[in-house]
Amino acid sequence: MRNLYNKYLTDPNQPMYNKIIKWIWYTLFAGILFLIILFTALSFTNLPSVKDLENPRSEEASEVFAANGEVLGRYYTENRVPVTYGELSPNLVKALIATEDERYYRHTGIDFRGLARAIAYMGNKGGASTITQQLARLLFTGVRSKNKVQAINQKLKEWIIAVRLERKYTKEEIIALYLNKFNFINGAYGIKAASEIYFGKSQDELSVNEAAMLVGMLQNPSYFNPLRRPQRVMHRREIVLKQMTKNDLIAQTAYDSLRQLPLGLNFTRQSHIDGLAPYFRAELAKELKTILDEPGNRRPDGTAYNIYKDGLRVYTTIDADLQRIAEEEMVKNMERVQKTFWRRWKKLDPWTFVEGSDHEISVNRRQEDLAKLIRTSDRYQSLRKTYLNDILEQLENQTGLEFHEDDREVERIIQEHERKGTISKLVSQGLISSGLAAQYREVLRSDLFPKLKTSWDSLQEEVDRVFNEKVEMRVFAYNEQMEKDTIMSPFDSVKYHRMFLQTGIVAMDPNNGHVKVWVGGINHKYFKYDHVNINRQVGSTFKPFVYATAIALQGFSPCYEVLDLPVTIKPGDGSFFLQDEWTPSNSDGTYSGEVFTLKEGLRKSKNTVSVHLMKQLGSPEPVRELVDRMGISKDTKYPNGRFRVPKTPSICLGSTDLSVMEMTGAYSSFANNGYYNKPVYILKIEDKDGREIYNHIPYGLNVMEEQANYVMVEMLKYAGAMGDLRSESGGKTGTTNDYVDGWFMGMTPDLVVGTWVGGDDKWIRFRSLLYGQGGYMSKPFFRNYIKRLEAESDSLDYNMNARFPIPAGTMDIELDCEKYQQEVSPLDGEQLFEDEGAFDEDMFEDESGGG
């Protein structure tokens, strides 16, 4: 046999030898030709274009920055924030190359040596995928198909893409792209988020063993999940460390010690509400959408940016330190107020309690709102899906009636079935249109109505059972965790959470309008509703605008005297256009008959003094004009056509609903020498490449002459006097009917702070002025907050030594009351009493003694 082999296969003179050599060459050239044709064919399939390679698809989180550059939070569907190669921890890079691609710097996308090894050993001694090929799979080809033909096709495409990527990017850029793109699971998209979530630190601070653990996850993050399989992950980390030792990246002694260390996880699951200013960031997202929808702020192709996917950078005015202190002091203040609230309502139910006040909300209305709260809860919606969804979908298709999630339509229709005339009454009251009424009646005539009635009754029975059965649950509480475990019925939990008083706080720099602090509620996890931009009645905090108008237009001195007696504005008086006489009382319904200077009247919130000034002005328009210049629009109307700032004299007592943001902006005019700066909290927006999308343009307006403004500052300093503060400060309290809202508008030369406290429902309130006034609910926050800023001023952007500006030259308005009394003749007694008369108890009443 050996002789035959030597004769025919090694002797070039034999014909068989030539044939074999010829076929070897044919096979080789055919193979090469096949590969050329195959790769050429694949290049015409759905491979990524040059543009795709230059701009690989990757959803990136948008970051929100505080004024000092600190990240306040992120918006994302995938919590991914890319880092550059230069920012990467060297430990990560070393571990990655040692484990995933030892010859990374010696190939151009395909490691043929590794490929040969993988084929020879059937993959038992490592795979052949390079880091570049793995990036190609992450970016373009996706999860490997289980079909062998499709899997081979994917692999070949990855080779082509890898080579193209190597031509388009540097080796360093490819490593950064790969680590940024990889999903480390548990909400960790990319290496930056993975470092923060698993170890609570920035990726550039990772130790060798921490970097080794994360690199070990690259093989299969679900299989090597450190939360579920820590022992398996430790073994995988050991393999990575061994590879680093093999490649002389760490010493053997280091390996021996590192392999024995625990994983050292500091796992923190991240969400949108994590971090400072959660209410601000939630409201900011809405504002960003509006800004980015504007034509001039769109992408070059005309489409709108997406804050959850496009990696935008949003620069805000929020001061992280001032915000942090504000949130801490807010919790202290609200815990104090809430403890008093629980004591005052012990064994009483706000949904059934009747006091007999003229402004009291009816029990029926309260019960309706409570039912709506229950019906919009997740627990009710889950039951509703089981009992009602199918029949409601059929009725919608049949009648076209849209059913809301609170089931108002179903309830009205059932009530009409049980008590004729319900629908007609709703139409007559203007609560529903005649067209909607016709749809209700169509449902009643439908052959599906009996099924609706049966389903509704079954749902109500189940709701009654489920919501009144006590279960284990976690609820909000003022403690270190801001929550507690308890046993409570779902019905009681709805009422329990609704009985927490809420707050809205804004602090802004009056010198430039920068909003430094935004606190929209007591806890964003349990109470999502923001209270900074909601409209609530402002009470006596509006009075300084009336005083300021009178001082600016008529030169009143703070020492001007007014008797505390009824003041009546009659039909035909001035330009008030009243139909009936208006004689509001002080909040306690009494008159002292004493003489009050303007500054004493403001400090004690005497309604009689404010009404006197309004009557002297002859019209509400001058006041409306002033607040309009201060950022509170006089032209804005409610849907019913009524002006938000009414054209009635009652505005002098605060009969208008405004937001904390509006009030803080307006008061900043006083603190800034009569100059109004429009509040701003977004300075700039950039795309992920640093291209500017939006830049804020400041807006300001001079609203008051300096001397008149200075007089108001002095009066506000007197009205809101706090002798225990080192900062020069002033302010005004406000309390509304039935103690529903408690305000304090405080100011220093450096900071204006607006604070509102109240319930989300108007019956969640104190029942006496002692606790229900702004002086108890809101003013202590301002005092304690400013004290904290003073105590920590060395490390904060707050100047407690700043002072309000004093106008140059001689004052035209006398501030010294002794001098004023010497210069002004005593008041004419008959003139003092000419306005005395009866008053209408139904008219607006406000607080007194709100200093």
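The following exchange walks a new reader through some helices, strands and a disulfide of one predicted model.

Colleague: On what terms should local features and side-chain atom pairs be read here?
Modeller: This is a predicted model in which local features need pLDDT of at least 70, while totals for chains, interfaces and linings use all residues, and side-chain atom pairs count only at pLDDT 80 or more. Residues are numbered from 1 along each chain as its sequence is written, and side-chain values use heavy atoms, with hydrogens and water left out.

Colleague: What is the order of the strands in the open sheet of five strands?
Modeller: Strands here are DSSP runs (E, at least two residues), as helices are (H or I, at least four), numbered from the N terminus, and two strands pair if DSSP finds at least two bridges between them. The pairing in this open sheet is antiparallel, and its edge strands, each pairing on one side only, are S7 (515-519) and S16 (730-735). The order is S7-S6-S18-S17-S16.

Colleague: How many bridges join S6 to S7?
Modeller: The hairpin of S6 and S7 has six residues between the strands, where glycine 513 takes a positive phi near 85 degrees. Valine 506 has tryptophan 518 in S7 as its bridge partner. The two strands run antiparallel, and the number of bridges joining them is four.

Colleague: Which residue in S18 does glycine 504 stand opposite?
Modeller: Strand S6 (residues 502-508) and strand S18 (residues 752-758) pair in the antiparallel sense, with seven bridges between them. In S18, the residue opposite glycine 504 is tryptophan 756.

Colleague: At about what angle to S16 does helix H28 run?
Modeller: Angles run from 0 to 180 degrees between N-to-C directions, and axes are lines fitted to C-alpha atoms, for helices over the stretch in contact. Helix H28 (residues 706-719) lies across S16 and strand S17 (741-747), and its angle to S16 is about 65 degrees.

Colleague: Which residues of H27 do Pro544, Phe545 and Ala548 in H23 meet?
Modeller: The axes of helix H23 (residues 543-554) and helix H27 (residues 660-671) come within 11 Å and cross at roughly 35 degrees. Contact means heavy atoms within 4.5 Å, and on that basis the three residues in H23 meet Met663, Ala666, Tyr667 and Phe670.

Colleague: Is cysteine 817 buried or partly exposed?
Modeller: A disulfide, meaning a pair of cysteine sulfur atoms within 2.5 Å, joins cysteine 559 to cysteine 817 with an S to S distance of 2.2 Å. The pair links distant parts of the chain, 258 residues apart, with cysteine 559 in the loop between H23 and strand S9 (561-563) and cysteine 817 in helix H32 (residues 817-823). Buried means under 20% relative accessible area, exposed over 50%, and partly exposed in between (1.4 Å probe, protein chains only), and cysteine 559, at 0%, counts as buried. Cysteine 817 has a relative accessible area of 22%, so the answer is partly exposed.

Colleague: How many residues of helix H9 are buried?
Modeller: Helix H9 (residues 191-199) is mostly covered, and what covers its buried residues includes strand S1 (62-65), strand S2 (71-75), helix H4 (90-100), helix H8 (171-181) and helix H10 (208-216). Among the buried residues are Lys192, Glu196 and Tyr198. The number buried is nine of its nine residues.
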